[in-house]
Amino acid sequence: MFVSYLILALLHVQTAVLARPGGESIGCDDYLGSDKVVDKCGVCGGDNTGCQVVSGVFKHALTSLGYHRVVEIPQGATKINITEMYKSNNYLALRSRSGRSIINGNWAIDRPGKYEGGGTMFTYKRPNEISSTAGESFLAEGPTNEILDVYMIHQQPNPGVHYEYVIMGTNIISPQVPPHRRPGEPFNGQLVTDGRSQEEREDKEETEEKEDVRGGAPEVFTSESAQTFPVRHPDGFSSHRPDNLVPAVPQPPRRGRDHNWKQLGTTECSTSCGKGSQFPIFRCVHRNTHKEVPESYCDSSMKPTPEEEPCNIFPCPAFWDIGEWSECSKTCGLGMQHRQVLCRQVYANRSLTVQPYRCQHLEKPETTSTCQLKICSEWQIRTDWTSCSVPCGVGQRTRDVKCVSNIGDVVDDEECNMKLRPNDIENCDMGPCAKSWFLTEWSERCSAECGAGVRTRSVVCMTNHISSLPLEGCGNNRPTEATPCDNGPCTGKVEWFAGSWSQCSVECGSGTQQREVICVRKNTDTFEVLDPYECSFLEKPPSQQSCHLKPCGAKWFNTEWSMCSKSCQGGFRVREVRCLSDDMTLSNLCDPQLKPEEKESCNPQDCVPEVDENCKDRYYNCNVVVQARLCVYNYYKTACCASCTRVAARHAGFLGSR
């Protein structure tokens with residue numbers, strides 16, 4: 001014998017810890033003194049194993065401007081957090097798989113705020129403080145009811161985007177049932193029973209006729225059609241009836257059939273414009289008088305569920321949506337800042353960007369403004385130049401240069417414009433100390449890569465202010481300007497050997513000339529030809545170069561002939577002829593008498609019809625058929641095929657010659 005028992009229902013309580021005498025508090029399991037809390041999976045007393053946390057960082061280097069997908073948020077995701085690693089000129093965007101834009105779509109940047117999408121509410125944040133380095137972010141509690149895609153509007157190098165969301169698993173810890181609950185108490189506003197009301201238990205299979213609440217025709221319900229709620233035993237509880245089960249709450253007395261539920265108006269519309277929602281209001285009334293009575297007179301299980309209805313569907317007036325001011329273009333002094341001003345209209349609980357003319361009845365706010373965070377500091381020269389550091393020759397002198405704020409305090413040099421900083425040190429020339437030879441250092445490279453060579457230096461006689469004097473001014477003992485050097489014998493050296501250039505390929509205009517370049521090994525008095533790869537580490541001389549002996553002047557150029565207009569009995573073909581100068585531009589300097597023909601005849605031979613062995617005259621007098629012009633009929637065209645075909649070919653040739 002199957003016995004149905006009422007299952008204990010859970011009653012949601014506030015998650016805040018309630019103070020109790022003696023310092024005890026209520027945990028999330030509704031037990032006094034319990035320390036259980038809700039884990040990140042939303043499970044009371046859970047150990048975070050009932051869900052999976054998905055997280056990562058999108059660090060791909062992007063090259064092209066525009067939208068780039070970052071991550072896919074699956075259906076059912078909760079605790080969604082999409083955050084830029086630090087501030088940048090990029091923007092985050094969000095849209096559904098159906099193509100509906102939720103945030104920052106169609107190259108329109110939305111202002112920070114709350115946006116509905118995917119069955120949840122996203123909070124869009126964009127820190128705008130100058131000192132803040134935080135990037136943009138999307139936050140949502142979830143769960144989502146569809147797949148969503150996160151995009152980045154790429155404008156500068158990607159700083160990295162951190163993403164994290166939670167998806168529920170299968171091994172969720174079931175909450176324990178508090179002992180102070182009673183069977184039959186509501187759980188989330190529903191009464192959980194075994195699916196049959198007290199009246200149905202009494203009437204058994206008796207049917208009863210009930211009037212449609214919304215005014216339609218009456219419907220017939222049986223006890224089998226009553227709604228039953230699925231019963232799930234919480235983990236840790238046995239399905240048999242416990243010994244200490246508190247008796248069920250007594251059922252209310254049987255309700256009469258003289259009352260039913262009736263719609264009496266609707267709730268107030270949620271918005272005054274832009275498509276709001278309202279719900280019908282159902283009251284218990286007397287079936288005949290329609291007078292409202294207490295709800296206990298009607299069967300609560302038959303009360304209709306209010307369904308949402310649209311209202312005030314006309315759009316709201318357009319308005320200017322003003323964004324936040326950007327950072328000042330300068331950290332000090334007069335700068336500029338900008339903000340985004342968009343014309344928007346609210347419809348269906350969404351703010352949509354519309355054409356600016358819809359806001360023409362309103363004065364458009366300014367989009368640019370001057371700004372000044374502080375007065376810039378400036379450079380000040382505190383002292384004159386010092387004396388030169390040497391009594392003769394070239395030395396240095398200095399002076400004191402400081403960065404001073406607008407209130408006169410000396411501040412760091414970075415506070416001033418470094419490009420405008422006056423010099424605080426410079427060279428000074430006190431004249432030559434004596435007439436003498438001035439020398440440079442010897443050159444680092446020898447003039448020969450192998451064998452004997454020389455290294456050189458510059459020698460000059462100097463006097464006051466870098467003036468050259470005759471040799472006698474410094475004496476006849478001029479230092480040498482060259483010294484011998486030797487990088488070792490040249491035996492075995494590998495190098496490219498280039499031959500002489502050939503003649504130019506054309507007598508006039510632009511042409512090319514060639515030369516042979518080979519890889520050789522230089523020995524004492526011979527050369528050995530090697531494979532080119534032996535010299536691959538050296539730069540190879542060019543083996544071809546352009547040449548131009550003299551201008552050719554204007555010349556006639558023509559294209560190839562076209563196809564002949566006819567395959568037989570005479571046709572024509574054409575080509576284009578142009579006069580071009582040396583630089584391949586149109587010219588009129590060509591000799592007209594030398595101009596090539598632009599049109600000529602072709603294919604003068606007669607057309608020969610193809611011979612069909614099956615096409616023969618079946619009668620000796622087919623010439624009579626031709627004379628009588630009977631070849632237009634299919635019978636004669638077949639019986640005198642050869643004669644009719646010859647006539648048709650001659651006729652076609654006659655028309656073509658015309």
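This passage describes the overall make-up, the aromatic contacts and the internal cavity of a predicted model.

The chain comprises 658 residues, of which 27% count as buried, and its secondary structure consists of four helices and 41 strands. Among the contacts in the chain with a separation of 6 or more, 63% are accounted for by residues that lie 24 or more positions apart.

Three aromatic pairs are present in the structure. In one of them, the ring centres of Tyr 67 and Tyr 151 are 6.5 Å apart and the ring planes stand at 75°, so the arrangement is classed as edge-to-face, given that planes over 60 degrees apart fall into that category. Tyr 67 belongs to strand β2, which spans residues 66-73, while Tyr 151 belongs to strand β9, which spans residues 148-154, and the pair therefore ties together parts of the chain that are 84 residues apart in sequence. The two partners can also be described by their accessibility: Tyr 67 is partly exposed, with a relative accessible area of 29%, whereas Tyr 151, with a relative accessible area of 14%, is buried, the limit for burial being under 20%.

Another of the pairs is formed by Tyr 635 and Tyr 636, whose ring centres are 5.2 Å apart and whose planes meet at 80°, so that this pair, too, is edge-to-face. Here Tyr 635 counts as exposed, at 54% relative accessibility, because the threshold for that class is over 50%, and Tyr 636 is partly exposed, with a relative accessible area of 31%.

A contact between a charge and a ring was also identified, in which Lys 599 lies over the face of Phe 572, at 4.2 Å from the ring centre.

With regard to internal space, the structure holds one cavity of 30 Å³ or more, and the volume of the largest cavity is about 40 Å³. The lining of the largest cavity includes Ile 109, Asp 110 and Arg 111 from one stretch of the sequence, together with Asp 321, Gly 323, Gln 340, Leu 342 and Arg 344. By residue class, this lining divides into four charged, two polar and two nonpolar residues. The charged members are Asp 110, Arg 111, Asp 321 and Arg 344, the nonpolar members are Ile 109 and Leu 342, and the polar members are Gly 323 and Gln 340.

How values were computed: Residues numbered from 1 in each chain as written. Predicted model: local features only at pLDDT ≥ 70, side-chain atom pairs only at ≥ 80, totals over all residues. Heavy atoms only, no water. 1 Å grid on protein atoms, 1.4 Å probe; cavity = no way out; pocket = protein on both sides within 12 Å on 5 of 7 lines; lining within 4 Å. Points joined across faces, edges and corners; volume = space filled by probe spheres on them. Phe/Tyr/Trp six-rings, centres within 6.5 Å; stacked < 30°, edge-to-face > 60°. Helix = DSSP H or I, 4+ residues; strand = E, 2+ residues; numbered from the N terminus. Buried < 20%, exposed > 50% of the residue type's maximum accessible area, 1.4 Å probe, protein only. Lys NZ or Arg CZ within 6 Å of the ring centre and 35° of its normal. Contact = heavy atoms within 4.5 Å.
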